[in-house]
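Subject: Structure handover

Hello,

Here is the structure I promised to pass on. Please open it first, then read my notes beside it.

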Amino acid sequence: HVINGILGSLVAITPACASVNTYEAYPIGGIGALVGLGINTFVCHLRIDDPVGAIGVHAGAGTWGLLAVGLFADSQLPGVEVM
């Protein structure tokens, strides 16, 4: 669970890394870890074969990371345009 939590946090912050401030990266990663672990628990409950937890980490935390870009993007950062 620890490794999948770490991977979930890294996957979640990857889409937003250029458009958020450092202090915003912590909650994005933390929520990504929880979402990834929650999806992995749900997948196990459905008895879907996912031995390494890739569904939760990539689908769950990755989707949260995409949503986090829209929620946390900072237009004051160089190269970031928020419409």
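Below is what I found, from the whole chain down to single residues.

Please keep in mind that this is a predicted model.

**Overall layout**

The protein chain has 3 helices and 0 strands. Its pattern along the sequence is α-α-α. The C-alpha trace spans about 45 × 25 × 15 Å along its principal axes. Of the 83 residues, 36% are buried. The chain exposes about 5300 Å², and carbon and sulfur atoms supply 69% of that area. Now take the contacts in the chain with a separation of 6 or more: 62% of them join residues 24 or more positions apart.

**The core**

Which residues make up the largest nonpolar core? There are 8 in all: Ala12, Ile13, Ala16, Val20, Ile28, Ala61, Trp64 and Ala68. Helices α1 and α3 (54-72) each supply at least two of these residues. The most comes from α3, with 3 residues. As a general point, nonpolar side chains in soluble globular proteins tend to be buried together.

Val20 is a good residue to click on. Setting aside neighbours within four places in sequence, Val20 is in contact with Ile13, Ile28, Phe72, Ala73 and Leu77. Ile13 and Ile28 are also listed in the core.

**A nonpolar patch on the surface**

Helix α1 covers residues 2-13 and includes Val2. Val2 counts as exposed because its relative accessibility is 62%, and the cut-off for exposed is over 50%. Val2 is also part of a nonpolar surface patch, along with Ile3, Ile6, Leu7 and Leu10. Together these residues have about 480 Å² of accessible area.

**Two acidic residues**

Asp74 lies in the segment after α3. What is the nearest side chain of opposite charge to Asp74? It is Arg47, and Arg47 is 47 Å away. Asp74 is buried, yet has no salt bridge. Not counting residues up to four places away in sequence, Asp74 touches Ser19, Asn21, Val80 and Val82.

Glu24 sits in helix α2. Is Glu24 buried or exposed? Its relative accessible area is 14%, so Glu24 is buried; the cut-off for buried is under 20%. Glu24 and Gly5 are 19 residues apart in sequence. Their C-alpha atoms are 18 Å apart in space.

**Arg47 and Gly38**

Arg47 is found in the loop between α2 and α3. Its relative accessibility is 76%, so Arg47 counts as exposed. Its backbone deserves a look too. Arg47 has a positive phi of about 65°, although it is not a glycine. Most residues other than glycine have a negative phi.

Gly38 lies in helix α2, which runs over residues 22-45. With a relative accessibility of 36%, Gly38 counts as partly exposed. The C-alpha atoms of Gly38 and Val57 are separated by 9.6 Å. Along the chain these two residues are 19 apart.

**Where to look**

If time is short, start with three places. One is the core of 8 residues, to which α3 gives the most. Another is the surface patch that includes Val2 and Leu10. The last is Asp74, buried and without a salt bridge.

Best wishes

Notes. Residues are numbered from 1 along each chain as its sequence is written. This is a predicted model: local features need pLDDT of at least 70, side-chain atom pairs count only at pLDDT 80 or more; totals for chains, interfaces and linings use all residues. Side-chain values use heavy atoms; hydrogens and water are left out. Patches are made of residues with over 30% relative accessible area and no salt bridge: like charges are joined within 9 Å, nonpolar side chains (Val, Leu, Ile, Met, Phe, Trp, Tyr) within 5 Å. Accessible areas come from the Shrake-Rupley method with a 1.4 Å probe; for residues, only the protein chains shown count as cover. A salt bridge is a side-chain nitrogen of Lys or Arg within 4 Å of a carboxyl oxygen of Asp or Glu. Helices (H or I, at least four residues) and strands (E, at least two) are DSSP runs, numbered from the N terminus. Buried means under 20% relative accessible area, exposed over 50%, partly exposed in between (1.4 Å probe, protein chains only). A nonpolar core is a set of buried Ala, Val, Leu, Ile, Met, Phe, Trp, Tyr and Cys residues joined through side-chain atoms within 4.5 Å. Contact means heavy atoms within 4.5 Å. Lys and Arg count as positive and Asp and Glu as negative; His and the chain ends are not counted.
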